[in-house]
Each structure stands twice: as structure tokens, then as C-alpha cells.
Amino acid sequence: MSAEAPPSPGRVYARGDGPVLRLSESEALTAVPSSPERMIINMGPQHPSTHGVLRLLLELDGETVTRCKPIIGYLHTGMEKTGETLTYLQGPTNVTRMDYASPLFTELAFATATETLLGLELPPRATWIRMLMCELNRIGSHLLFQATNGMDLGAVSMMLYGWREREEVLRLLEQITGLRMNHNYIRPGGVAADLPDGWRDDTLRLLEPIGGRLDEYDALLTGQPIWRERLQGVGVISAEECLALGVTGPILRSTGYSWDLRRHMPYLDYDRLSFDVICGTYGDSFDRYAIRLNEIRESIRLVRQILEGMPPGDYRVQDKKVTPPPRGRIDESMEALIHHFKIFTEGFKVPAGEVYAAVESPRGELGCYMVSDGGPKPLRMHIRAPSFINLQALPYLLEGRLVADAVAIISSVDPIMGEVDR
């Protein structure tokens, strides 16, 4: 399903006749139904298919959803405000907990924003290690989607298979970073540590079975009539609606709109790698499922290229202002010990200014807006969380659909509530 591919055969279904009516701001959903024949129900925040603690206030006409209002805030942690109290070196320990399914992308956005203010140029090896880690993390995130999406729609065995493959990805991430999740691995100036011995062979051992098992997912789900019936033509959205709402990632690409920051606004060294931007045709839940499945294949393709092209050299900049001394030097040099103590307690100062850095996360454009007043901590830090933006599409996706389709539509958005309620 590349950007240039024609629609798949056998996928003929109507998008609906006539324009879709939208609610004005004055008609916002309240707890009072708009007519006596309709009723208001709560879906969530404890509902198992709302992916955490999302609450949807639905107005139903029989079993048809006429209006929807997403209600958030049940997981609010104040991480953006907390970021103003942490040094730039402590910041990644905070932001990595937002999107806990793909934490390395938030770390990357934060580190890139900091490095832009500092004017740092990373060593090539640090750049390529970041690409490797992010693509492995993308594979793990999309495998988690395949698992939970299958569970939501009744394909229970898919939960077992998707979780099984994701577990192998997490084991490799743990081998490299020391942690399965919330890694604090991508830091301003590079990464926390170099790749361990045997990382290349271990990565290849991970990729080999996943490629074959994706074909099994296709056989189990993609051509299955019940699966197609549950997803095709369900939760349709247009490219114009996505752009008006700021929706990005697989939801936007499902409409046929080819937009991927790795290709169209290249960061790191993605412009030196070959990959396809996977797009859909109809903007429905089936396209969003298929895009994520095929993006795993593209990430495997990218990881293989990174394995071949990984350059030698330093894994972080050698700048005393931002880089701690090697751990071995701490026991040998009082100067190194003082340097280590100061950089981890006081931090390093960042020139005054403001910057916005964006990356392509598994859920869309993830950006970090940062303001510095010249001190060791951000004056203001804001994360453009794609899960938060994408939830705005739910009223458009659910309107006119059966309440039974709500589970499939919410799953196709793939929200991470820790990112929404940051």
C-alpha cells in the first residue's frame, strides 16, 4: 500500500451520499439529549476498549451515534509544568513517560529542541543510533496496536501474537538501554551509552521472525471477511477534515494524503535512507490498520539499512559544557569528579531563545516547543502530542455510525492517554 499503489481489488463500498453535517460550537454536546427520542450514555473512562482512561459522552438515536464529546484529564500528571523544574539533562526522564508505548520519540523531540538552542552538531554515529532505536520502537508500538486492535474486535489470538513479537522488541531495547520502557536513552548531545557487543546479530535475530509473522497476520486478518466487514467503510474521514483538525500520522495517510516528516521534512539522516510512505485510499479503519501493518515492514527495511550503514565514532558530542565525563575517569581525576557532580546537579546553561522540533512518531507529528531564558532549565516546555490532536477527530469518525463500531474506531485512532493527559 505505497503512496502510488492503486486501490486494492475487492474493496468497493460507499462513502455515503451528500455532505456530512457538522455541529457548530453552540451545539456542543451537553448532558441533555437534543430530542426526547435520544439518550446520553458514557463510554469510559473505565471501558476496556478506551485505551486507558478516555471518556466519551455519546448521544444515541437508537444504536446510532449522533454526537460525541471526548472528555479527558483522568490521567493528568502535569509533565509539561514539571519540565520547567528539571534541568535539560533531567528532562528526558520526564518526557519519556508521556507516550509510554513509544517513549524514544518524545526523548528525541526534547533532545533535538535542546540541541538546536545549543547549536550542537551530533557525531554521525549518535544520529544513526537514534534512527535505529526509533525504528525499533516504531515496530514495537505498531505491534502493540495490532495486538490491542485484534483484542478489541474479538480476534483474541492476535493479542497473543502481537504481544509475543513486541516482547522480543522490548528485550532488545532493554539490552541496549537497560530498560524495557521509559528509557532515558536519547539525551541532549547524543545517547546515554554506545551499542553493546553483539547488538548487530541480536537485531538481525529479531527482524527475521517478525517479517514472516507479519505475513501470518495478513493471512489471519487482512483477507478475513468478518475483519473486513468490521473495518471497511467504518470511521471514514477525509484529508480536508484531517488537515483542518491538525490530524497527522496514519489517520491522515489513510486518506491518501502522503505526509511523513521523515520524508518531507527530513531530520536525523532519513534523507539518506530508502523507504516508502504508506498511504491508504478511503480514510477508514481498515486503511489505518493496514498502514500500521505495512509500516512495520518499512521499519524493518530501514533498520536493515541502518545496520549496513552504521558509522564508527563517538556516540555523543565531546563538549564539557553538556557531556558528563567518562565513568571510568571519575575514580581517577578530581577534575572529572567535580565536572560530573556539577553537570548532574546544576545542569548546563542553554542560550536564550525559542525553538520547535518535530519528529514522526507512530501516531503522527510529535513536536517539542521550548523556550530558554539562558538558564539551566527550560522557561517553558510544551509537547505537541499527536494522540491529543488525533482525538479531536473522534466526533467526525463516530457520527452516524453504530455504537458497536465505536470500539473499532477508537482502536483505529490508537491514542495513548499518558500523552493526551500529559
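Here is a short chat about a few features of this predicted model.

Reader: Let's start with the sheet of strands 6, 7 and 8. Which strands stand at its edges?
Author: The sheet is open, with three strands in the order 6-7-8 and antiparallel pairing. An edge strand has a single partner, so one side of it is left without a neighbour in the sheet. That description fits strand 6 (353-361) and strand 8 (380-384).

Reader: And how much does that sheet twist from one strand to the next?
Author: We're still on the open sheet with the order 6-7-8. Going from one strand to the next, the twist averages 10°.

Reader: Zooming in on strands 7 and 8, which residue is the bridge partner of M370?
Author: Strand 7 covers residues 364-372 and pairs with strand 8 in the antiparallel sense, over five bridges. M370 has its bridge partner in strand 8. That partner is M381.

Reader: Which helix lies across those strands, and at what angle to strand 6?
Author: Look for the helix at residues 103-118, which is helix 3. It lies across strand 6, strand 7 and strand 8. For helix 3 against strand 6, the angle is about 150°.

Reader: On to the aromatics. Is the Y88 and F348 pair stacked or edge-to-face?
Author: A search of the whole structure turns up five aromatic pairs, and Y88 with F348 is one of them. Their ring centres are 6.1 Å apart, with 20° between the planes. Planes under 30 degrees apart count as one class, over 60 as another, so 20° makes this pair stacked.

Reader: How many residues apart are Y88 and F348?
Author: Y88 sits in the loop between helix 1 (79-83) and helix 2 (91-95). F348 sits in the loop between helix 13 (334-345) and strand 6. Both residues are buried, and the pair links distant parts of the chain, 260 residues apart.

Reader: What about W227 and Y289: stacked or edge-to-face?
Author: The ring centres lie 5.3 Å apart and the planes meet at 70°. Over 60 degrees is the cut-off that matters here, so the pair is edge-to-face.

Reader: Which residue joins W227 and Y289 in one aromatic cluster?
Author: W227 is in helix 7 (residues 225-231) and Y289 in helix 11 (residues 285-309), so their pairing ties together parts 62 residues apart in sequence. Both of these residues are buried. The third member of their cluster is F286.

Reader: There's an arginine over the face of F145. Which one?
Author: Watch out for another arginine, R262, whose charged end sits over the ring of Y270 at 5.9 Å from its centre. Over F145, at 4.4 Å from the ring centre, lies R292.

Reader: Is E241 buried or exposed?
Author: E241 lies in helix 8 (residues 239-245), and its side chain reaches the backbone nitrogen of S238 at 3.1 Å. Its relative accessible area is 19%. Buried means under 20%, so E241 counts as buried.

Reader: Which backbone oxygen lies 2.6 Å from a polar side-chain atom of T323?
Author: T323 is in the loop between helix 11 and helix 12, and it is buried at 6% relative accessible area. Leaving aside neighbours within four places in sequence, its contacts are R316, V317, Q318, H339 and I343. The backbone oxygen in question belongs to V317.

Reader: Last one: how far apart are the C-alpha atoms of I330 and F341?
Author: I330 is in helix 12 (residues 327-330) and counts as buried at 15% relative accessibility. Beyond neighbours within four places in sequence, I330 is in contact with P325, A336, L337 and H340. I330 and F341 are 11 residues apart along the chain, and their C-alpha atoms are separated by 9.7 Å.

Terms used:
Residues numbered from 1 in each chain as written. Predicted model: local features only at pLDDT ≥ 70, side-chain atom pairs only at ≥ 80, totals over all residues. Heavy atoms only, no water. Pairing = 2+ DSSP bridges. Helix = DSSP H or I, 4+ residues; strand = E, 2+ residues; numbered from the N terminus. Axes fitted to C-alpha atoms, helices over the stretch in contact; angles between N-to-C directions. Contact = heavy atoms within 4.5 Å. Phe/Tyr/Trp six-rings, centres within 6.5 Å; stacked < 30°, edge-to-face > 60°. Buried < 20%, exposed > 50% of the residue type's maximum accessible area, 1.4 Å probe, protein only. Lys NZ or Arg CZ within 6 Å of the ring centre and 35° of its normal. Polar contact = N/O pair within 3.5 Å; in protein donor to acceptor, adjacent residues only side chain to side chain.
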